[in-house]
Amino acid sequence: MPDTAAPARAKPRLRPGDRVFSGSALAAGTLILAILAGVAAFLIIESVPVVTTDPKDINILDGQPFWSYVAPLVFGTLWSSAIALLMAVPVSIGIALFISHYAPRRLAQGLGYIIDLLAAVPSVVFGLWGGNVLAPAIQPLYSWLTEHLGWIPLFAGPASGTGRTILTASIVLAVMVLPIITALCREVFLQTPVLHEEAALALGATRWEMIRTAVLPFGRPGIISASMLGLGRALGETMAVAMVLSSSGGITLALLTSSNPGTIAANIALRFAEAFGTNINLLIATGLILFAITLVVNMIARWIIGRRREFSGAN
Amino acid sequence: MAASWPSRPTRHCSAERRYAGGVNRPRLAVARAVIGAVAAGVAVTTILSGCAVNELAVTSNSKLSGTIFGDGASSQRAAQDAWIAAFQIAHPRATVEYDPVGSGSGRDAFQAGAIDFTGSDRPFTIEELASGTFASCRSGSPIIELPAYVSPIAIVFHLDGIDRLNLDATTIARIFNGQVQRWDDPEIADQNPGVTLPSILISAVHRSDDSGVTENFTQYLHEAAPNEWSWEPAGTWPIPGGEAAQGTAGVATAVANGHGTIGYVDGSQARGRPSVAVKVEDGYVPYSSAAAAAVVDASPLETGRTAGDLVIAIDRKGAGSGTYPVVLVSYLIGCEHYADPVQGKLVREYFDWIVSDTAQKTAEESAGSAPLPPAFAAQARAVVAGIR
């Protein structure tokens, strides 16, 4: 009868490779925390003068309090990213499903590469395209919408003469976040257990019903985290927004006028070149707000994913 | 830049070559290649950084040596780049650095003594001069301000089939403050008989970034149309709302690509685009560097300043027919007596070069600016000669 008890083994010998690897992994893990803490500390320390200085002494504020300056920017950041996500997520899921479940294998591979290629396009190029090609091309549509559907608050007139509105900026942002969301969704959909899919088909489900009952529920946390990654990019996007958006107004829901709220990142880029003295601190303080927003967004995403743990790939 | 050097320089500074030795196992070939590339990169960098322009043996007999730093207006960037390149060819041992960080930063840094000179889209006000101190200057020394960079600001628009419009200051102000909203408004039509104006909305495009062009344009509106434009001149657009675009190039493309758009851009960006002829006295004057130089020529110096403080009180209401009043005047600011005479000598030579006819011509070619009128240039040269 074999001895079932595990033989008392000596502690495994630690080879140098193990030590180096665990050491460098630990260092990498600590480094990211240290960098984050360093960034947060920098933002907070540099923001202090904004609280202690009289708003009248900060040129950019022009006498108004900090919060009324930053409120339209926060709104513009969230609003443009939300619209972008609203457009990008359904399209991304569609593309990902097409690649994972509909397209012939060879086409799927090629399409995957092309989508990934989109992610490699620099944001300046998207900015140029959005401002010089998309905006003039889409402007007649904006005029039509304000004329015929102007009673809807979103489409309130007058339409911008250049088409460089928050909707255009959101479309550009949507195109920019598309590859990230698509790539992640595709990977998640491919992980769906084949048994689930086959079971659904065996019960008489059509392909769409199979996707609805097996693939989508399984992939939901993946879709959410992909969207949040996309949202992260949209919130922080600077150059494309600065080049496309005509940012000059306060908080408004109108999508098609010249007066749009700016975004925090684009505003920093636009103002920083000529900023001096406490103006720089002011801009860094708005950066701190953006930092906090992204943190909150990510925490919400984690919470949503955590709540639906039962669907995650772990089981 | 290298191509414009007069003679091919011989490098007399050497760079130590480094080899990544001791790594020769075949499976580390890739790593070795990477390390080798890095080492080569280090060597190249050493050659480049070790051989700055002033260390090259160029055949020039100039004894001038040293380095001066300037921060300031980004509007002067193109002109400063051209001036510095030519200056350093003539004086191979001298280095001038100009960092276009913005007028406000430049003035602050100059007062703090961090830099030797600054470029600014507005001069120091008399109050600032009275209360402020300048750490680079010898105590008690006044500063000098020279209008070294003058550029017309063109008001460009885009309307199908129209390439010139006549407008007076009041109408321009009312267009940009939103009171005149359509192109066929009688106020515009009355000034442009024979032009068929479309009945479309006006989209007035302004700069979304902080800029000296905006500051000078709003100053024009404020002085030439005070009833319509009550806002004080500022680098950021004072009115909330409206169409905004980034940079002069951003405004130019937004205007060109839009429908019924109008905007203001630096003269260098306006070539070949339809632009507004501005009413001055009884005539309408299109923008040009000659007309911009004429308004500087016809405007008096601001009174109440020291002899070296050449601040032009641009007469924006009309300094005589043929002058174009919408101009950007950017100043070159330095000390009359530097705390360090070596720096003073270098600044004097550099400023003397900038106010020379050749340098002004260079700036006109590279940046589209207006050359200083001869009378002014002579005055500026006299001031520069006094820098110690």
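**Stop 1: the start of chain A**

Select residues 20-45 of chain A. This span is 100% helix and 0% strand, and its end C-alpha atoms lie 36 Å apart. You are looking at a predicted model. The predictor gives the complex an ipTM of 0.74 and a pTM of 0.77.

Why start here? UniProt, in an unreviewed entry, lists residues 20-45 of chain A as a "transmembrane region". The same listing includes residues 78-99, 111-131, 166-185, 234-256 and 276-301 of chain A. Colour those spans one by one.

Pause on residues 78-99 of chain A. Here too the chain is 100% helix and 0% strand. The end C-alpha atoms of this span are 30 Å apart.

Now widen the selection to residues 74-301 of chain A. The unreviewed UniProt entry gives this stretch as "domain: ABC transmembrane type-1". How much of it is helix, and how much is strand? The chain is 76% helix and 0% strand over these residues. Find the two ends of the stretch: their C-alpha atoms are 19 Å apart.

**Stop 2: where chain A touches chain B**

Show both chains. In this model, 26 residues of chain A are in contact with 30 residues of chain B. Select α4 (123-149), α8 (239-244) and α9 (264-272) of chain A. These are the elements that give two or more residues to the side of chain A that touches chain B. Which of them gives the most? It is α4(A), with five residues.

Colour this side of chain A by residue class. You should find nine nonpolar, 14 polar and three charged residues.

**Stop 3: chain B as a whole**

Hide chain A. Chain B has 388 residues, and 48% of them count as buried. Switch to a cartoon view: chain B has twelve helices and eleven strands. Look at its contacts with a separation of 6 or more: 73% of them join residues 24 or more positions apart.

Next, colour by pLDDT. Chain B averages 82, and 84% of its residues score at least 70. Go to residues 1-58 of chain B. There pLDDT stays under 50, and the model has 45 contacts beyond four places in sequence for this stretch. Helix α1 (residues 29-50) of chain B has the lowest mean pLDDT among the elements of the chain, at 42. Helix α5 (residues 169-176) of chain B has the highest, at 94.

**Stop 4: two domains in chain B**

Give each domain of chain B its own colour. Domain 1 covers 66-150, 300-314 and 327-386. Domain 2 covers 153-291. Their C-alpha centres lie 30 Å apart.

Where do they meet? On one side are 14 residues of domain 1 of chain B, in contact with nine residues of domain 2 of chain B. Select β11 (327-335) and α11 (357-367) of chain B. These elements give two or more residues to the side of domain 1 that touches domain 2. The largest share, four residues, comes from β11(B). By class, this side of domain 1 has six nonpolar, five polar and three charged residues.

**Stop 5: strand β3 and its partners**

Keep β11(B) in view and add strand β3 (residues 117-120) of chain B. β3(B) and β11(B) pair in the antiparallel sense over three bridges. Find B:Ser120: its bridge partner in β11(B) is B:Tyr331.

Now add strand β1 (residues 66-72) of chain B. It runs parallel to β3(B), and three bridges join the two strands. Here the partner of B:Gly70 is B:Phe117 in β3(B).

Are the faces of β3(B) covered or open? Both are covered. B:Phe117 and B:Gly119 lie on one side, B:Thr118 and B:Ser120 on the other, and all of these are buried.

**Stop 6: two single residues**

Select B:Asp99, found in strand β2 (residues 94-99) of chain B. B:Asp99 counts as partly exposed because it has 17 C-beta neighbours inside 10 Å; buried would take 20 or more. Now add B:Ser74. It is 25 residues away from B:Asp99 in sequence, yet the two are 8.2 Å apart in space, C-alpha to C-alpha.

Finish at B:Glu281, in the loop between β9 (275-280) and β10 (283-285) of chain B. Check its phi angle: near 55°, a positive value in a residue other than glycine. With 13 other C-beta atoms within 10 Å, B:Glu281 is partly exposed.

Technical notes. Residues are numbered from 1 along each chain as its sequence is written. Chains are lettered from A and ligands numbered from 1 in the order in which they are written. This is a predicted model: local features need pLDDT of at least 70, side-chain atom pairs count only at pLDDT 80 or more; totals for chains, interfaces and linings use all residues. Two residues are in contact if their C-beta atoms, placed from the backbone, lie within 7 Å. Ala, Val, Leu, Ile, Met, Phe, Trp, Tyr, Cys and Pro count as nonpolar, Asp, Glu, Lys and Arg as charged, and the others, Gly among them, as polar. A residue is buried if 20 or more other C-beta atoms lie within 10 Å of its own, exposed if 12 or fewer, and partly exposed in between; C-beta atoms are placed from the backbone. UniProt positions are given in the numbering used here, feature names are shortened, and annotations may be inferred rather than shown by experiment. Domain bounds come from an automatic or database domain assignment. Two strands pair if DSSP finds at least two bridges between them. pLDDT is the predictor's confidence in each residue, from 0 to 100.
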